[in-house]
Each structure stands twice: as C-alpha cells, then as structure tokens.
Amino acid sequence: MSAAPGPRHLGLPAARRVALAAQGLAVPRPQRPVTVRDLGRVLDTVGLVQIDSVNVLTRSHYLPFFSRLGPYDTGLLDRMRDRAPRRMVEYWAHEASLLPPSTWPLMEHPRMRRGEEDSWGGMRRVAQEHPDLVAAVLAEVEAGRPRTAREIEAALEHDAPRAEGGWGWNWSLVKNALEHLFWTGRISSAGRTRQFERRYAGLSRVVPPADAARWLDPSQRLGPQDAYDELVRISTRALGVADVASIADYFRIRREHAVPALKRLVAAGEVEEVRVEGWSAPAYLHAAARRPRSVSGRALLSPFDSAVWHRPRLEALFDFHYRLEIYTPASKRVHGYYVLPFLLGDALVGRVDLKADRAAGVLRVHRVGWESGRGGAEDRAELDAELDLMARWLELGAVAGGA
C-alpha cells in the first residue's frame with residue numbers, strides 16, 4: 001500500500017500572489033467614484049482595519065481603502081462607522097480596529113470575557129477597586145446620547161452625587177471605567193470626534209437591527225469553539241496562505257485556540273495544509289483563495305495595513321525587513337518616522353517616509369529607500385504617479401521631494 005501523499009508545495013512567487021489577492025491588492029482600482037459598497041467590499045475582504053491615532057499623513061484607517069480603491073471620499077467611511085445602520089464598528093480586535101458588526105460578538109471569548117486578565121492595569125484596577133464607579137459610568141452611558149470620556153465625566157459630576165472615599169469623578173478613573181466597559185463588551189463606540197476621541201454609547205444605540213440578537217443577548221452568541229473557528233476562517237481567507245503564527249496574530253488570539261480551529265477547518269476541507277517554498281513551518285491555504293498567475297498592483301501601504309501586520313510573514317513572503325520607527329529616537333531611525341512600503345506588481349520594492357504638510361499644501365517625501373536591484377526609472381515613475389494620486393486625494397497641491 002502506498003503512503004498517503006504529503007502536503008502539496010506552493011512556490012514562493014505563487015504564495016506572494018495568493019497573499020496579495022486575498023488582501024484585495026491584486027484587482028484593478030475602480031475607474032469611477034468609489035461607493036459605500038466598494039468600501040464595504042474592502043472591509044469584508046480584509047476582515048478588519050486597524051485604527052491608530054498617528055496623523056502625520058492621515059488617520060491610518062483611511063489608508064487601506066485608498067491603497068485598494070484609489071481616491072475616495074473619507075466622509076463615506078465616517079458615515080459607515082458613525083451613522084445607523086452602521087456597516088462597521090470599533091472594537092479591540094487586532095488592536096483598536098474597525099470590523100463588520102457581525103464580527104463583534106465573536107470577540108466575546110478571546111477578548112470580552114478576558115477583560116480582567118488581558119486588559120491594561122488601569123482598567124483592571126478600576127473594576128476591582130471601584131465597582132460602584134463602573135456601575136455609575138455604565139448607567140450614564142446607557143441613559144444618554146453618545147459622548148466622549150470628558151463629556152461622560154462632566155455629566156456624572158452634574159447628575160450624580162460624589163461617592164465617599166476620595167475618588168470623586170476623577171477623569172482618569174472615569175476614562176479607565178469606560179475603557180473597561182468597552183473592552184468587556186458592555187458598551188460600544190458610536191464613532192470618533194474630529195479630535196479622534198471615542199464617543200461611547202450603549203450597545204442598543206450602535207448595533208444594526210440584523211445583528212441585535214447576538215449583540216444584546218449573550219446567550220444567542222456562538223460558543224467558544226464555533227467563535228474561534230469563525231475568527232480563524234476570517235483570518236485564513238484574508239491572508240490567503242499563512243502559518244499558524246500569522247493566523248493567530250490577525251485577531252490576536254492565542255495559539256492554543258488557533259491550532260485546534262485550523263485542524264477543524266482542514267478536516268472540513270475549508271483550509272488545506274501546504275508547504276511554502278523556503279518556509280520551515282507548515283502553512284495553511286484557504287480553499288477559496290485566488291491563485292492569480294500575475295499581479296499588477298501598485299500601492300503605498302500604511303504601517304498599520306493588514307497586509308504588513310505580521311512582520312515575520314512579510315519577511316518570509318517578500319524578503320522585506322520592516323519595522324515601525326515612530327517610537328525610535330530620530331537619530332537612530334534607519335528609514336524614517338512614518339514609512340509606507342511601496343507595492344509594485346507582486347513585490348515590495350521600496351519604502352517612503354511621508355508627511356502631509358497641510359500648512360504648506362504639499363505632500364512631503366522625506367526619504368525614499370529602494371530594495372536591492374530596484375529604483376530604476378520605471379519604478380520611480382510608478383512611485384511618482386502614486387504619490388501624485390495620494391496628494392490629490394489628500395487635497396494637497398503638490399509633492400515636495402520624490403523618488
């Protein structure tokens with residue numbers, strides 16, 4: 001009797017193309033105005049979009065949509081998040097992220113129920129030391145319109161008597177209580193202000209009608225096994241092909257939950273174990289992953305883009321060593337402060353340190369670094385075209401510096 005065949009092999013160039021296609025970076029950008037449907041398609045493709053407060057270029061959650069669709073009205077994205085019926089909501093998924101409302105209840109087991117263990121110290125302490133404050137904050141949020149932390153604090157100070165014991169309506173404690181309630185899924189966010197402050201709201205004010213049952217009644221949510229299966233299903237579809245570490249990192253779930261879920265998806269035929277050229281660890285290919293013969297994409301990718309989240313995978317796929325240097329002292333930075341990898345075809349060919357100088361009305365290119373063997377006239381022309389496109393989208397009059 002012959003031995004069962006082992007996992008099939010996937011060449012590295014093919015794996016790169018699968019990964020780019022899975023992230024929506026292998027399809028042409030629309031040659032018409034971008035619609036809400038286009039934005040929703042991107043969110044469904046990548047599964048979630050990371051939020052970050054850094055605004056040297058533009059808020060980071062706007063960039064993945066530009067990378068895949070080209071110029072669009074960011075107001076459309078804001079309305080999808082801020083107005084009913086919401087098509088995206090905020091929660092701690094990879095990090096602070098925008099995700100489809102249907103995904104929010106899946107985070108109960110990996111995140112919400114672990115609020116006492118995994119959340120930041122200030123959140124844990126306020127829940128343990130000031131449960132009366134947490135209860136008062138919850139009641140205030142549920143009783144009123146969506147408000148920022150400072151607005152909630154002011155309302156509490158006006159509406160409720162100060163408790164004995166010295167903590168009063170201390171802003172940092174109120175903020176920690178709000179974050180604890182948000183992390184544990186007892187309140188949500190109705191969007192952000194222009195200053196990027198979260199507007200806290202009761203669940204019933206945020207949830208779209210179609211998702212109300214699983215949001216408002218925990219007994220209607222999936223059990224832990226089914227929830228982890230669904231999160232891993234979303235991750236493998238969004239990654240196309242990846243190892244366990246990258247799949248677990250996508251929603252920041254633990255390996256001990258990712259591995260059994262992958263085994264179940266493999267047994268069901270939804271995911272296939274494969275060997276990728278040059279990778280020491282097994283990889284997992286989603287059954288529905290596209291395997292294009294070529295990719296002709298062009299995009300500047302946010303440092304917080306899901307295509308570049310897991311740096312070891314990025315290096316294994318593209319031989320591209322990438323680290324965020326925002327928190328590195330200026331004198332020790334290698335590539336710059338806010339550096340975007342430049343995708344051309346199926347390769348990451350360079351990186352660009354950018355700043356939107358709104359006072360001067362220009363997109364400043366502080367530095368361009370090219371990978372070995374790249375940076376010729378054709379590469380530079382493509383980068384110049386992408387920079388011009390970005391400058392117009394950001395309503396900046398010109399590009400200062402360049403390739």
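**Helix packing**

Helices α1 and α15 are oblique to each other (neither under 35 degrees, over 145, nor 65 to 115). In this predicted model, the two helices, residues 12-22 and 311-318, pack at an angle of about 130°, and their axes are 9 Å apart. Axes are lines fitted to C-alpha atoms over the stretch in contact, with angles from 0 to 180 degrees between N-to-C directions; helices (H or I, at least four residues) and strands (E, at least two) are DSSP runs, numbered from the N terminus.

On the α1 side, L12, A15, R16, A19 and L20 take part in the contact (heavy atoms within 4.5 Å). Their partners in α15 are R313, A316, L317 and F318. Seven nonpolar and two charged residues form this contact, with no polar residue; Ala, Val, Leu, Ile, Met, Phe, Trp, Tyr, Cys and Pro count as nonpolar, Asp, Glu, Lys and Arg as charged, and the others, Gly among them, as polar.

**Cavities**

Two cavities of 30 Å³ or more are counted. A cavity is a set of points on a 1 Å grid over the protein atoms alone where a 1.4 Å probe fits but cannot get out, and lining residues have an atom within 4 Å of a point. Points are joined across faces, edges and corners, and a volume is the space filled by probe spheres set on them.

The largest cavity holds about 150 Å³ of space. Of its 19 lining residues, S306, A307, V308, R313 and L314 lie nearest the centre. Two or more residues of the lining come from each of α1, α13 (244-250) and α15, and α15 gives the largest share, with four. The lining of the largest cavity comprises 13 nonpolar, four polar and two charged residues. R313 thus appears both in this lining and in the contact of α15 with α1.

The second largest cavity contains about 30 Å³. Its walls are formed by V46, L48, V49, Q50, P64, F304, D305, S306 and W309, which divide by class into six nonpolar, two polar and one charged. S306 lines this cavity and also lies among the residues nearest the centre of the largest cavity.

**Largest pocket and domains**

The largest pocket has a volume of about 610 Å³; a pocket is an open set with protein on both sides within 12 Å along at least five of seven lines. It is lined by 21 residues, with R59, Y62, T74, D78 and R194 nearest its centre. Helix α4 (residues 74-82) supplies the largest share of the lining, six residues. By class, this lining has 10 charged, six polar and five nonpolar residues.

The protein is divided into domain 1 (109-159 + 170-219) and domain 2 (297-401), with bounds from an automatic or database domain assignment. The C-alpha centres of these domains are 36 Å apart. Each domain contributes at least three residues to the lining of the largest pocket.

**Backbone features**

Most residues other than glycine have a negative phi, and most peptide bonds are trans. A84 and P85 are joined by a cis peptide bond, with omega about -10°. P85 is placed in the loop between α4 and β3 (89-92). F196, a residue other than glycine, has a positive phi, near 70°, and lies in the loop between β5 (187-192) and β6 (198-202).

**Basis of the values**

Residues are numbered from 1 along each chain as its sequence is written, and side-chain values use heavy atoms, leaving out hydrogens and water. Local features need pLDDT of at least 70 and side-chain atom pairs count only at pLDDT 80 or more, whereas totals for chains, interfaces and linings use all residues.
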